[in-house]
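Let us take a friendly walk through this structure together, one part at a time. Please keep the view open as you read.

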Amino acid sequence: MDEMSDRVDLTLQRVRTLLHTAPLHELEANKAHREGWDRLDTRYLQLRAFELVLEKMSEGEGADRSTLVSELARLAGGMDPSPDLDHQHQVAQQVVAWLLNETGSSPTFQDEHLVPSASGWRRGVSDVKLMREDQRGDEILVKLTPAGINILLGALAIDVADEQRARERLLDEEIRRGRYDRALVLATQARILSIQYEEELAEVVRMARVDVRRLDWANRVAQRMKEALDHVADRLHTESEITAHLLVAREEAAPEQTATLDELARVLEDCTRRHLRLEGRLMESSEVFLVEQEHIFHGPGSIATVNFGNEVLDPLLTLPASHALSICEGFFILLTGPESPQMLDLHHLLDDLFAPRREISDEDPLVIEEPDLVDAEPETVFSRDDIERVQAVLGSITETPVLFSDLLTDARHRYPSDEPAVSELLRFAALWACAPDQEAPRWMPRDLVAMPSDSRLQDPRFGGDDLLLCRVAEEVE
Amino acid sequence: VKVDDSTAGDAAQLIHYALDPKMFTDRSEEYRALTQRYRTDLGFQGTVDAIVHGFRMEVVDANEWGLVLSARPGSMFGFSMADWRRRHNVGYESRLLHGLAIAAIAACYYPTARTLEEDQHRPLSVDHVETFLRNACDELRKRHGDDPPASEQPEYEQAWRVVARQKSVTSSTGIRASEKATRDVIRRCFELLADRGLVKKMKGQESWQPLQRFRASMLGIASHYAYEELAAIQAKESEDV
C-alpha cells in the first residue's frame with residue numbers, strides 16, 4: 001500500500017511539474033487576442049527570457065529588466081520583420097510582465113487538476129511562480145524561481161541537494177580520470193544547481209517572514225535552516241577537495257588542456273563564492289528568526305487591510321478640495337519619509353535673498369505662506385577675522401554717502417590677502433542694507449542703509465547697479 | 001533599562017544612516033552590522049525605537065537592506081509638500097493636483113490590500129497613471145453629473161472636478177513644464193519619488209518601478225493614515241447631516 005501511495009504521489013508531483021509549463025502554453029494559445037502577435041512564437045520568446053535571466057544569475061545576481069526587454073524585442077523583431085520598433089518593444093514588455101504574472105489576479109499561476117484521495121478524486125490547484133523580481137540594494141533584478149530553473153533544466157522535480165552531491169562526486173571522478181571537457185559540463189551544471197539551491201532557500205526565508213505574522217513556523221524553518229547550513233558546509237568541503245585535485249591535474253596536464261582546466265577552476269571558484277555567501281546569509285537569517293519568533297516585529301499595523309484604490313483614492317477624489325488637500329499633505333509626509341533638517345549656509349542664504357519674492361497667488365484663497373524664519377548666525381563660511389575686517393570697512397562709512405564700488409576697491413586694497421571672503425561679505429552687507437527683510441547679523445551696523453545709484457557697479461567680480469551707502473541717525477520716538 | 005553611552009551612540013549612528021533614503025547596507029559594513037543588531041538585539045531595538053519615537057518618527061520596516069523610517073506630520077524631520085515645492089510659486093490647485101497625483105501613483109501600484117503583500121515591482125509610466133486617474137474621474141462624473149454645484153468657494157469644489165478640468169499637456173510651447181497639466185504633474189511626482197528612494201527609473205525608459213521602501217511605507221503607516229483620516233471626515237459629515 002505504501003509503495004502504491006508513493007507511486008501515486010510521484011505521478012501527482014509530475015503532473016504538477018508539468019503544469020509549471022502551462023503559462024508558457026497559455027500565452028501562445030491566446031496570442032490571437034493580441035494585435036500583431038500572429039507571426040511570433042511566444043514559446044521561443046519565453047524560453048529565451050528564462051535563459052537570459054539564468055545567464056545573468058550565473059554572472060551575478062539576476063537580470064536587469066530593461067536589458068531583458070530590449071533583448072527580447074530584438075528577437076521579436078527577427079520573427080516579425082515589420083519595422084515597428086514600438087510594437088516589438090511592447091511585445092517584449094508584455095512577455096516579461098506575463099512571466100512575472102503581473103497581469104494575473106493572483107500572485108501565482110494557478111491551474112486546476114485532479115488529486116487522488118482515499119474517497120475518490122478531488123480538485124486541486126497547482127500554484128507556481130516562474131520568475132520574480134528582487135531588490136538588491138537599489139537595483140531591481142529579475143530572477144528565476146526554482147520552478148523556473150527547473151523548466152530550463154528539463155528535469156521533473158529533483159531534490160536539489162541530492163543532485164548536487166551526486167554531480168560533485170561525478171565531477172571529482174572525471175577530473176581524476178583526466179576527462180576535463182566532461183568535467184567542465186558537470187561543473188557548469190553544479191553551478192546552476194547552487195543557484196537553484198540559493199533561490200530555494202531564499203523562498204523559505206521569505207515565506208517564513210510572511211508567516212511570522214500568522215503561523216507557527218518556528219520548528220519547520222529552524223530545521224530547514226540547520227539542514228541547509230550542514231549541506232552548504234558539506235559543499236564547501238567537497239569543493240575544496242575537488243580544487244585540490246584540480247591543482248594536481250593542472251601540473252600534469254598537456255598544454256592544450258590548460259584552458260579547459262582554467263575555466264573549470266573559475267567555475268568552481270564561483271560555486272565556492274556562492275556557497276560562502278549563502279552560509280553567511282543563512283547564519284544571519286537564523287539569528288533574525290530566533291528573535292522574531294520571540295518578539296514579533298512590531299511595525300505599526302503591519303498587516304495590510306486597506307484597499308488603497310477604492311477605499312482611499314476614490315473617496316479622496318469626492319471630498320471637497322480643502323479636505324482632500326489636507327489628507328494628501330499628511331499622506332505625503334508619511335510616504336516620502338524623513339529628511340534631515342537643512343542647516344543654513346551662505347550659499348542657500350544668498351539664493352534665497354536673490355530669489356524673486358513669492359507673491360500670494362490670486363487663484364489661491366487658502367494659501368498662507370509662512371516665511372521661513374531662520375537664524376542666520378551659525379554655520380557661516382567666514383572667519384572671525386573676515387567679519388572684523390568688514391566691520392572696519394563698514395565703520396568708516398559716515399552720514400555722507402559713499403559708492404559701493406569705492407568701498408570694494410578700498411577693502412581690496414586694505415586686505416589683499418583676505419580675498420575673496422572680504423568682498424563677498426561686504427557685498428552681502430550692502431545687499432542687506434539695501435533690502436533688509438530679516439534680522440541683521442550681529443556684526444552689521446544697525447543704521448546702515450543703501451540705495452541704488454544711477455551708475456553701474458565698476459567691479460571685476462560683481463555686476464549690477466552701484467549702491468550708495470550711508471548711515472542714518474536713529475529715529476527718536 | 002539603563003542604556004550605556006556606546007549603545008546610544010550606535011543607535012544614533014543607525015538612525016543617521018536610515019535618514020538617507022538612498023543608503024543601503026551593501027554600501028557600508030557599519031550600517032549592515034547595525035541593521036543586523038537592530039534585528040537581533042531587542043535591547044538595542046528598544047533604544048533605537050525610543051529615539052526614533054522621540055523625533056516623532058516610526059520604524060516602518062527593518063530588512064537586510066536597512067531600516068525604513070517614516071516621519072509623522074509635525075516632526076521636524078518631516079518632508080512636506082511645502083518643502084518640496086518651496087522654490088516654486090505654486091498655488092492651491094497645483095498643490096492639490098500634486099498631492100492627488102502621488103496618491104494616484106500609490107493606488108496604481110497597490111490598488112488592493114493583497115497587492116501590498118506581494119513583493120512585485122511592476123513598472124508604471126506617466127500614461128498608466130494618467131489613464132488611471134482620468135478613469136476614476138470619469139466614473140465620478142457619471143455618478144455626480146457634469147455641472148458643479150453652485151458655489152463661489154473653490155475649496156468646496158470636489159477634488160475630482162479640479163483634476164478633470166486640467167489639460168493633459170500644456171498648450172503653450174514653453175520649455176518650462178506646467179504646474180497643472182496632469183502629465184507634467186505626474187512626471188514631477190515620479191521624479192520626486194525617485195529622489196526619495198521610493199521608486200527607480202528604468203534605464204532608457206520612461207517607466208518607474210517601486211522599491212521596497214514604497215511598499216514598506218504604505219504597509220506600515222501611510223495607507224492607514226489616509227484611510228483613517230477619510231473615515232474620520234466621513235463620520236463627521238454623517239454626524240453633521
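In chain A of this predicted model, look for an open sheet made of 3 strands, which stand in the order 1-5-4 and pair in the antiparallel sense. At the edges you will find strand 1 (63-64) and strand 4 (131-136) of chain A, each of them pairing on one side only. Strand 4 of chain A runs antiparallel to strand 5 (residues 139-144) of chain A, and 6 bridges join the two. One pair to look for here is Arg136(A), whose bridge partner in strand 5 of chain A is Glu139(A). Now find helix 3 (residues 42-59) of chain A, which packs on this sheet and touches strand 1, strand 4 and strand 5 of chain A. The direction of helix 3 makes about 115 degrees with that of strand 5 of chain A.

Chain A has another pair of strands to visit. Strand 2 (residues 109-117) and strand 3 (residues 120-128) of chain A are antiparallel partners, with 9 bridges between them. Together they form a hairpin, and 2 residues lie between the two strands. Within this pairing, Asp111(A) has Ser126(A) of strand 3 of chain A as its bridge partner.

Let us turn to chain B. Here, too, 3 strands make an open sheet with antiparallel pairing, and their order is 3-5-4. Why is one side of strand 3 (124-125) and of strand 4 (199-201) of chain B left without a neighbour in the sheet? Both stand at the edges and have a single partner strand each, so nothing in the sheet flanks them on the other side. Strand 3 of chain B pairs with strand 5 (residues 207-210) of chain B over 2 bridges, in the antiparallel sense. In this pairing, Leu124(B) is matched with Trp208(B) of strand 5 of chain B as its bridge partner.

Next, consider the charged side chains. Over all chains, a search of the whole structure finds 51 salt bridges. In one of them, the side chains of Arg277(A) and Glu198(A) meet at 2.7 Å, N to O. Arg277(A) belongs to helix 10 (residues 258-294) of chain A and Glu198(A) to helix 8 (residues 180-211) of chain A, so this pair ties together parts that are 79 residues apart in sequence.

Finally, see where the two chains meet. How many residues does each chain bring to the contact? Chain B gives 103 residues and chain A gives 82 residues. About 8,500 Å² is buried between them, with carbon and sulfur atoms giving 61% of that area. The interface holds 5 salt bridges by the rule used, and 23 residue pairs are in polar contact across it. A salt bridge also joins the side chains of Lys200(B) and Glu139(A), at 4.0 Å from N to O; Glu139(A) is the residue already met as the bridge partner of Arg136(A). On the side of chain B that touches chain A, helix 10 (residues 212-240) of chain B gives the most, with 18 residues. Sorted by class, that side of chain B has 55 nonpolar, 22 polar and 26 charged residues.

Notes
Residues are numbered from 1 along each chain as its sequence is written. Chains are lettered from A and ligands numbered from 1 in the order in which they are written. This is a predicted model: local features need pLDDT of at least 70, side-chain atom pairs count only at pLDDT 80 or more; totals for chains, interfaces and linings use all residues. Side-chain values use heavy atoms; hydrogens and water are left out. Contact means heavy atoms within 4.5 Å. Buried area is the accessible area (1.4 Å probe) that two parts lose on being put together, summed over both. A polar contact is a pair of N or O atoms within 3.5 Å; within protein, one must be able to donate a hydrogen and the other to accept it, and residues adjacent in sequence count only if both atoms are side-chain atoms. Helices (H or I, at least four residues) and strands (E, at least two) are DSSP runs, numbered from the N terminus. Ala, Val, Leu, Ile, Met, Phe, Trp, Tyr, Cys and Pro count as nonpolar, Asp, Glu, Lys and Arg as charged, and the others, Gly among them, as polar. Two strands pair if DSSP finds at least two bridges between them. Axes are lines fitted to C-alpha atoms, for helices over the stretch in contact, and angles run from 0 to 180 degrees between N-to-C directions.
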